[in-house]
Amino acid sequence: DDRIDISMSTGRVDVLQSAVPFANTLMLMSDRAQFRLVAPNALTPATALLQQAASIEVSSLVRPIAVGTKVFFPQDNVSFTTCMEITSEVDTAIIDSTEITAQAPKYIPSGVHTLCGSQKKQMLFALSHDAPNTIFVYKFFESNRNRLQSAWSKWTLGEDTKIIGADVIEDYLHIAIEVTSKDYIGALEASTGIDTSFGTTSTRA
């Protein structure tokens with residue numbers, strides 16, 4: 001049960017801030033670089049290595065998330081947020097990065113603090129401090145690892161509503177919201193239908 005204690009060599013100071021499962025290993029991230037945890041055979045203290053995979057800036061406000069075989073994370077700019085996606089080629093160490101907000105630049109304001117998603121529904125959700133009553137939604141459709149369609153949209157709640165947090169559990173988007181002075185927890189099915197509505201809400205003492 002020896003612990004694995006390894007270092008990385010990048011020629012600069014990189015503080016690892018998060019780790020997400022990715023391509024049969026772990027992807028570790030600092031605020032400006034990504035590293036793979038690799039081992040030639042068995043993962044042991046003697047064989048484990050940190051291999052730099054990319055040099056992409058990452059917002060420090062929110063942890064990157066894994067959705068299926070992809071990793072999503074935001075980049076915080078002065079007045080807007082850029083969302084990035086990392087994928088891996090099948091059976092190779094090649095990593096591809098894509099800006100998924102390129103089709104709608106500056107659509108998401110800065111201050112994104114929460115990301116969550118559903119692989120089954122092929123949806124990603126983002127919350128921002130600068131738009132506290134809005135859920136930004138990225139919907140994509142893939143077939144045979146090819147993305148055929150994608151689009152950004154947003155769901156806006158009442159002006160007296162502040163969305164505190166969100167997470168996807170069993171393909172339902174659960175959100176905690178603050179209305180006036182009370183907190184509520186609501187759930188809705190992650191869907192693109194026009195009749196999407198919140199389920200039963202309950203007051204939290």
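1. Arg147–Glu85. In this predicted model, Arg147 and Glu85 form a salt bridge, with their closest N and O atoms 2.7 Å apart. The pair links distant parts of the chain. Arg147 sits in strand S12 (residues 146–156). Glu85 sits in strand S7 (residues 81–88), 62 residues apart from Arg147 in the chain. The two ends differ in exposure. Glu85 has 6% relative accessibility and counts as buried. Arg147, at 27%, counts as partly exposed, because its value lies between the 20% limit for buried and the 50% limit for exposed.

2. Arg147–Glu142. Arg147 has a further partner. Its side chain also meets that of Glu142 in a salt bridge, at 2.6 Å from N to O.

3. Lys70–Glu142. Glu142 in turn forms a salt bridge with Lys70, where the closest N and O atoms are 3.3 Å apart. This pair, too, links distant parts of the chain. Lys70 belongs to strand S6 (residues 70–76) and Glu142 to strand S11 (residues 131–143), with their positions 72 residues apart in sequence. Lys70 is buried, at a relative accessible area of 4%.

4. The network as a whole. How many salt bridges does a search of the whole structure find? The count is three. Lys70, Glu85, Glu142 and Arg147 are linked in a network of salt bridges. Anyone inspecting the model should view these four residues together.

5. The sheet holding S6 and S7. Two of the strands named above, S6 and S7, are part of an open sheet of four strands. The order is S5-S6-S7-S8, and the pairing is antiparallel. Strand S5 (65–67) and strand S8 (95–99) stand at the edges. Each has a single partner strand, so one side of each lacks a neighbour in the sheet. Neighbouring strands are turned by 30 degrees against each other on average, direction ignored.

6. Register of S7 and S8. These two strands run antiparallel and are joined by five bridges. To check the register, look at Thr87, which stands opposite Asp96 in S8.

7. S1, S2 and S3. Strand S1 (residues 18–22) runs antiparallel to S2, and five bridges join them. Pro21 has Leu26 in S2 as its bridge partner. S1 and S2 form a hairpin with two residues between them. One point to inspect is Ala23 in that turn, which has a positive phi of about 50 degrees. On the other pairing, four bridges join S2 to strand S3 (residues 34–38), again antiparallel. Met27 has Arg36 in S3 as its bridge partner. S2 and S3 also form a hairpin, here with four residues between them.

8. Burial of S2. Is strand S2 (residues 25–29) largely enclosed or largely open? Four of its five residues are buried, so the rest of the structure largely encloses S2.

9. Aromatic pairs. The count comes to five aromatic pairs. One of them is Phe125 with Trp155: a tilted pair, 5.8 Å centre to centre, with 50 degrees between the planes. Phe125 lies in strand S10 and Trp155 in strand S12, so the pair ties together parts that are 30 residues apart in sequence. Phe125 is buried, at a relative accessible area of 1%. Trp155, at 21%, is partly exposed; that value falls just outside the buried class because the limit is 20%.

10. Aromatic cluster. Phe72, Tyr138, Phe140 and Trp152 form one aromatic cluster.

11. Confidence. The protein chain averages a pLDDT of 82, and 82% of the residues score at least 70. Which strand has the highest confidence, and which the lowest? Strand S10 (residues 123–128) is highest, at a mean of 96. Strand S16 (residues 202–204) is lowest, at 39. Over residues 192–205 the pLDDT is below 50. Beyond near neighbours in sequence, this stretch still has 24 contacts in the model. Where pLDDT is low, predicted coordinates should not be read in detail.

Note on methods. Residues numbered from 1 in each chain as written. Predicted model: local features only at pLDDT ≥ 70, side-chain atom pairs only at ≥ 80, totals over all residues. Heavy atoms only, no water. Buried < 20%, exposed > 50% of the residue type's maximum accessible area, 1.4 Å probe, protein only. Pairing = 2+ DSSP bridges. Axes fitted to C-alpha atoms, helices over the stretch in contact; angles between N-to-C directions. pLDDT = per-residue confidence, 0-100. Contact = heavy atoms within 4.5 Å. Phe/Tyr/Trp six-rings, centres within 6.5 Å; stacked < 30°, edge-to-face > 60°.
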